[in-house]
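Colleague: I would like to go through the labels put on this structure and hear what each one rests on. Please give the value and the cut-off each time.

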Amino acid sequence: MSIADNLSNIKNRISHVCNKVGRDASAIDIIAVSKTVTEVRIKEAIEAGISNIGENRVQDAWQKYQILGSSAIWHMIGRLQTNKVKRALQFFDFIHSVESKHLAEEISRRADQLGKDINILIEVNTSGEDTKIGVDPEKTVGFLKQIAHLPRLNILGLMTIGAFLPDPEQVRPCFITLRELRDRIISEGFDEIHMKYLSMGMTDDFEVAIEEGSNMVRIGRAIFGDRL
Ligand SMILES: *Cc1c(COP(=O)(O)O)cnc(C)c1O
């Protein structure tokens, strides 16, 4: 199967689940997760209609950016170390993995130096697995209160990685937690925060994530095939 075939398959599946739950498929952004994938194949995905690229390592992504440039929107979806923030801000359009005050402050400070705003999502640990990064759901409103005032941050939503469980139904509670948290944040009425995006759902669980309100699915293997 070519990348174009894979993509058309995924779009069909998204349409199908959207029909089922009465959502508009065009409101769902597909982020093609291209970690370990070569520039040539990423280009193929862009030619097949992908406009969002997700990477989890700043240095690898930067090399790909040298070749692909701004032909796509770049999403940082992996753990971001503070010493990589400066580089990350040079080309990423979104950072999905903001999960500490220290990191948010560094992003704000560096963005201010560059004179540009940056779109960020707060990563929430909805599975409770301690191998995962992310803010505790119960602490997320408090965390937002600490960072909402920081300059240059467009806080646009929440991101989560669901539990590593074989059946997507078992992951559903993680997605429900994120959606309910989004609603709670909206009801808090922060002026500076627009809860536009729920970034959740990957190759094995994106349909369930969409049923629970995801509008950014991060899909790697179903587009590019298994990672080596
Ligand atoms: C790798 C990765 C994905 C994509 O995973 P697939 O199972 O290949 O779809 C999504 N989100 C994050 C944060 C990832 O690291």
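Colleague: What makes the pair of glutamate 212 and arginine 172 a polar contact?

Modeller: This is a predicted model, and in it the two side chains come to 2.7 Å from each other. The cut-off for a pair of N or O atoms is 3.5 Å, so the pair counts as a polar contact.

Colleague: Where is glutamate 212, and what else is it in contact with?

Modeller: Glutamate 212 is in the loop between α8 (206-211) and β8 (216-219). Apart from neighbours within four places in sequence, its contacts are Arg172, Phe175, Ile176, Arg179, Leu198 and Met200.

Colleague: Why is glutamate 212 called buried?

Modeller: Its relative accessibility is 9%. Buried means under 20%, so glutamate 212 falls in that class.

Colleague: Lysine 64 also has a charged side chain. Is it buried or exposed, and what does its side chain meet?

Modeller: Lysine 64 has a relative accessible area of 6%, and therefore counts as buried. Lysine 64 lies in helix α3 (residues 58-68), and its side chain makes a polar contact of 2.8 Å with the side chain of glutamate 55. Among the residues in contact with lysine 64, with neighbours within four places left aside, are Lys35, Thr36, Glu55 and Trp74.

Colleague: How many aromatic pairs are there?

Modeller: Ring centres have to lie within 6.5 Å, and by that rule there are seven aromatic pairs. In one of them, the rings of tyrosine 65 and tryptophan 74 have their centres 5.8 Å apart.

Colleague: Why is the pair of tyrosine 65 and tryptophan 74 called edge-to-face?

Modeller: The ring planes are at 80 degrees. Planes over 60 degrees apart count as edge-to-face, so the name applies to this pair. Tryptophan 74 is buried, with a relative accessible area of 1%.

Colleague: What about phenylalanine 94 and tyrosine 197?

Modeller: Their ring centres are 5.7 Å apart and the planes are at 80 degrees, so this pair is edge-to-face. The pair links distant parts of the chain, with phenylalanine 94 in strand β4 (residues 94-98) and tyrosine 197 in strand β7 (residues 193-199), 103 residues apart. Phenylalanine 94 is buried at 9% relative accessible area, and tyrosine 197 counts as buried at 13%.

Colleague: Which residues make up the aromatic cluster?

Modeller: Trp62, Tyr65, Trp74, Phe91 and Phe92 form one cluster.

Colleague: How do you know that the charged end of arginine 87 sits over the ring of tryptophan 62?

Modeller: The charged end of arginine 87 is 4.1 Å from the ring centre. The distance limit is 6 Å, and the charge must also lie within 35 degrees of the ring normal. Arginine 87 is listed as sitting over the ring, so the angle condition is met as well. Lysine 132 likewise lies over the face of phenylalanine 164, at 4.1 Å from the ring centre.

Colleague: Which polar side-chain atoms lie close to the ligand, and at what distances?

Modeller: A polar side-chain atom of lysine 35 lies 2.6 Å from a ligand oxygen atom. For arginine 227 the distance to a ligand oxygen atom is 2.8 Å, and for arginine 218 the distance to a ligand nitrogen atom is 2.9 Å. The ligand taken alone exposes 390 Å², and the protein buries 94% of that. The residues around the ligand include Val33, Ile77, Met159, Thr203 and Gly220.

Colleague: Why is aspartate 29 called partly exposed?

Modeller: Aspartate 29 has a relative accessible area of 26%. The class runs between 20% and 50%, so aspartate 29 belongs in it. Aspartate 29 is in strand β1 (residues 29-33), and its C-alpha is 5.9 Å from that of asparagine 215, though the two are 186 residues apart in sequence.

Colleague: Why does threonine 36 count as exposed?

Modeller: Its relative accessibility is 60%. Exposed means over 50%, so the label follows for threonine 36. Threonine 36 lies in the loop between β1 and α2 (39-47), and its phi is near 70 degrees, a positive value in a residue other than glycine.

Technical notes. Residues are numbered from 1 along each chain as its sequence is written. Side-chain values use heavy atoms; hydrogens and water are left out. Rings of Phe, Tyr and Trp (its six-membered ring) pair if their centres lie within 6.5 Å; planes under 30 degrees apart count as stacked, over 60 as edge-to-face and the rest as tilted. Buried means under 20% relative accessible area, exposed over 50%, partly exposed in between (1.4 Å probe, protein chains only). Helices (H or I, at least four residues) and strands (E, at least two) are DSSP runs, numbered from the N terminus. A residue is near a molecule or strand if one of its heavy atoms lies within 4 Å of it. A polar contact is a pair of N or O atoms within 3.5 Å; within protein, one must be able to donate a hydrogen and the other to accept it, and residues adjacent in sequence count only if both atoms are side-chain atoms. Accessible areas come from the Shrake-Rupley method with a 1.4 Å probe; for residues, only the protein chains shown count as cover. Contact means heavy atoms within 4.5 Å.
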